[in-house]
Amino acid sequence: MKLDDIYLQHSLPEDVNIIPVMNIEGIRHIDDSELPDTLPIIALRNAVLFPETVIPITVGREKSVKLVREVYGKMRILGAVSQKDAKQEDPSPSDLYDIGTLAKIIKIVEMPDGGITIILQGIKRFKVKDIIATEPYFIASVKYLEDDINKRNLKELDAIAGSVKDAALHIIKLSPHLPQEAAFAIKNIEGHSFLVNFIASSMEIDNPLDKIALLREGRLKQRALKLLELLNKQIDILKIKDDIQQKVRSEIDQQQREYYLNNQLKTIQEELGINTNVQEFNDLRQQATKKKWSKSVAETFEKELQKLERTNTGSPDFNIQLSYVKFLLELPWGELSPDNLDLKHAQKTLDNDHFGLETVKERIIEHLAVLKLKGDMKSPILCLYGPPGVGKTSLGKSIAKALGRSYERISLGGLHDEAEIRGHRRTYIGAMPGRIINSIKKAGTSNPLLVLDEIDKVSSDFRGDPASALLEVLDPEQNVSFHDNYLDIDYDLSKVLFITTANNISTIHPALRDRMEMINVSGYLAEEKRAIAKGYLIPRQTEAHGLKKNQFKINQEGIDTIIGEYTRESGVRGLDKQIAKLARITAKNIALETPLKPLLGPKEVKEMLGVPIYQHDTQKGNEAAGVVTGLAWTENGGEILFIECVMSKGKGILTTTGNLGDVMKESAIIAYQYLKANPQLLSLNTKDFTEKDIHIHVPEGAIPKDGPSAGITMISAMSSAFLKKRVKSGIAMTGEITLRGRVLPVGGIKEKILAAKRAGIETIILSEDNRKDINDIKEIYLKGLNFKFVKNIPEVLEFIF
């Protein structure tokens, strides 16, 4: 068997016939005049073809396939040139090296995947003089190159060739993946040129430039020396790899030796009646007798403990099994903390920790009342949703304190692995229980209060969907037997009081939302924020910064300045931060013995906090024609929104700007088309629509805006621009419109009312269907506001002018 036969056997599928190396002695010294001056060129990726060698090439590019099929039907001669970047799918002439090899296509092999593989035999080196055509494939004018064999130094060349052969045989010996037949073939190669070219073609070289340099070298002696240098480098690398493998193998042998000795030691200890782990196993069984678990759990524990006893202490499985057995014991099976059923105490605790939030407090008191009468019931699953900073998360801790239960919090923000909820199976290395079961263990009771924070920010990817895993956790009918993959035993979660929090419930899985009792925790009025600052935030920051009560006080006007000019939120988190900043500055002044006023008013607040951050939501709807004030809902609460509309000569084109979403743009189109279809409402004619362009802009263009609730605001702004007439002052509005002129209800009414009050709005226009929402809101939120309920657009236009 020849060496190239071996190469092909390891490069082609099993069903491909082996192409033997033909006798190339006859073409080794072909006269240049017999060879074509121009050659079709095939670009090779990750391969360099040397003269006198045979290699298989997979052809996939359309241009190359066309070249191969045309050439194979004629002389079968082409030029093989390597490309500089193997990742280049469509190489240009500049992407090819200027050195290549004249080659003959011995055979084309059709592959099962539809591609083709060609068997190329190198004949003679050439240099590319010029690319004379690029379509349908490269055609180049070439100059053929002869190998320079200095016959005067044949002895020296014999010695170098012998060294190359020895180095190649050494590499085969060090490389177990290379076939041993290769060594037999190399030993039987006699020609120096064929030996050097074959080994250069076959060796694994990381840098393709090294192979190109070998092909470019015309002096056979120098090519052999360069090849010898590369082979020696490869031998050094293989020796290092072999040393590493020997070291690893010796470590494995040491582990096997230790395992054998440990088994012998264990046998000797058993013969002598000595077992170092007997006492530890007895302690585990003693602890198990005190657990309040079911019979099936007790049987599982005993089974796992017996498995642990049979496991060798030196085995890695021993510690894994021991950790699992101990985890079973650490779980509070059937251990319940008694609930404090004193309703007055619970009400007092909730009121002391949080201002307002009456709906949530009433729901907790109702649960306690039923529990007191019935004695036992499944815990409710509550979802507190609302803007940031209104006290949703901290409310969970207050409820736990009121009930006398253990409190644990699980943050779900950014969670995207289902195993975080259900745990990992113990077959995996580093397996851990899920967060739910782990929190039960930390709480020490089976009826703690668990807060699942930011449930609306759970995501999913290829590792599973945590939201779907939470369906079992938060379903009172299913969580009686919650299955954690690590625990592998059903655990009763029905006594756990789950409270989830969210900012935007629209992103919560619908099935998950259906399992929870939704409670809206809306934002605070300025009066409520003032009360929270006085009763909660200022005393807390005073204590946190080591100040005395008489050293840090803020009067009512000072608090109003912070609320109006330094915060812009529905909650009180930003207010708390600004008060903390004032406390820090006060503490610094006291430490530096700087004179200061203990009572801070608006002047002192501005001096300490700097330039006001916000000019908060002042109503501007009546300053010019075409400007109308709307109301919007955001995750941070309600905001007022200004819609600006101008008209100019044109062709009736409607333009919208201000970073508007698709739904909001559609509202503008509906408003424009309604006025166009009903011009009599504003006493307009056709020319007003065909000869004028209208432009709607919503300020603060960097902020994305969307939703249908700006519909009546859009049509009011357009009407004001058409009539060149300002709307009444002190008016804001929100509502969706239809092409029939109906005004539909929208959501977020309470947040929008709070925004209107902050902005000094006096009258709010709403859909008649939103009247029920107003009736559900407490009178304190509605004080100072008038409401105009409308059913259609004509009513809106009649009222605003």
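Is D98 buried, partly exposed or exposed, going by its relative accessibility? D98 counts as partly exposed because its relative accessibility is 30%, which falls between the cut-offs of under 20% for buried and over 50% for exposed. Please keep in mind that the model in these close-ups is predicted.

**View 1. D98 and R216 form a salt bridge.** Here the closest N and O atoms of the two residues are 2.8 Å apart. D98 belongs to strand β4 (residues 96–110) and R216 to helix α6 (residues 208–216), so this pair ties together parts of the chain 118 residues apart in sequence. R216 is partly exposed because its relative accessibility is 38%, and D98, at 30%, is partly exposed as well.

**View 2. K124 meets E146 in another salt bridge.** The closest N and O atoms are 2.4 Å apart in this pair. K124 sits in strand β5 (residues 116–133), while E146 is found in the loop between β6 (138–144) and α3 (154–174); the two residues are 22 apart, and their pair links distant parts of the chain. With a relative accessibility of 6%, K124 counts as buried, whereas E146 is partly exposed at 44%.

**View 3. K692 and D688 are joined through their side chains.** This salt bridge has an N to O distance of 3.6 Å. On the K692 side, the relative accessible area is 27%, so this residue is partly exposed. D688 has a relative accessible area of 15% and is therefore buried.

**View 4. K63, D90 and E135 share a network of salt bridges.** If you would like to place this trio in context, the structure holds 20 salt bridges.

**View 5. Helix α21 (residues 602–609) has buried residues on one side and exposed ones on the other.** The buried residues are E604, V605, M608 and L609. They lie on the same side of α21 because they cover an arc of only 115° around the axis. A helix has 3.6 residues a turn, so residues three or four places apart point the same way. K603 and E607 are exposed on the other side of α21. What do the buried residues of α21 pack against? Their partners are α19 (556–565), α20 (573–591) and β15 (599–600). After the helix comes G610, which has a positive phi, near 90°.

**View 6. Helix α13 spans residues 392–403.** From the first C-alpha to the last, its 12 residues reach 17 Å, close to the 16 Å expected at 1.5 Å a residue. The buried residues of α13 are K392, L395, G396, S398, I399, A400, A402 and L403. Which elements help to cover them? The cover includes the helices α11 (343–353) and α12 (358–374), together with the strands β7 (381–385), β8 (407–411), β9 (449–453) and β12 (497–502). Just after α13, look for G404, where phi is positive at about 75°.

**View 7. I240, I244, V248 and I252 make a nonpolar surface patch.** The patch has an area of about 350 Å². One of its residues, I240, lies in helix α7 (residues 220–272). I240 counts as exposed because its relative accessibility is 52%, and the cut-off for that label is over 50%.

Methods
Residues numbered from 1 in each chain as written. Predicted model: local features only at pLDDT ≥ 70, side-chain atom pairs only at ≥ 80, totals over all residues. Heavy atoms only, no water. Buried < 20%, exposed > 50% of the residue type's maximum accessible area, 1.4 Å probe, protein only. Helix = DSSP H or I, 4+ residues; strand = E, 2+ residues; numbered from the N terminus. Arc of directions from axis to C-beta. Contact = heavy atoms within 4.5 Å. Patch = residues over 30% accessible without salt bridge, like charges linked within 9 Å, V, L, I, M, F, W, Y side chains within 5 Å. Areas by Shrake-Rupley, 256 points an atom, 1.4 Å probe, with all protein chains shown as cover. Salt bridge = Lys/Arg side-chain N within 4 Å of Asp/Glu carboxyl O. Expected span 1.5 Å × (residues − 1).
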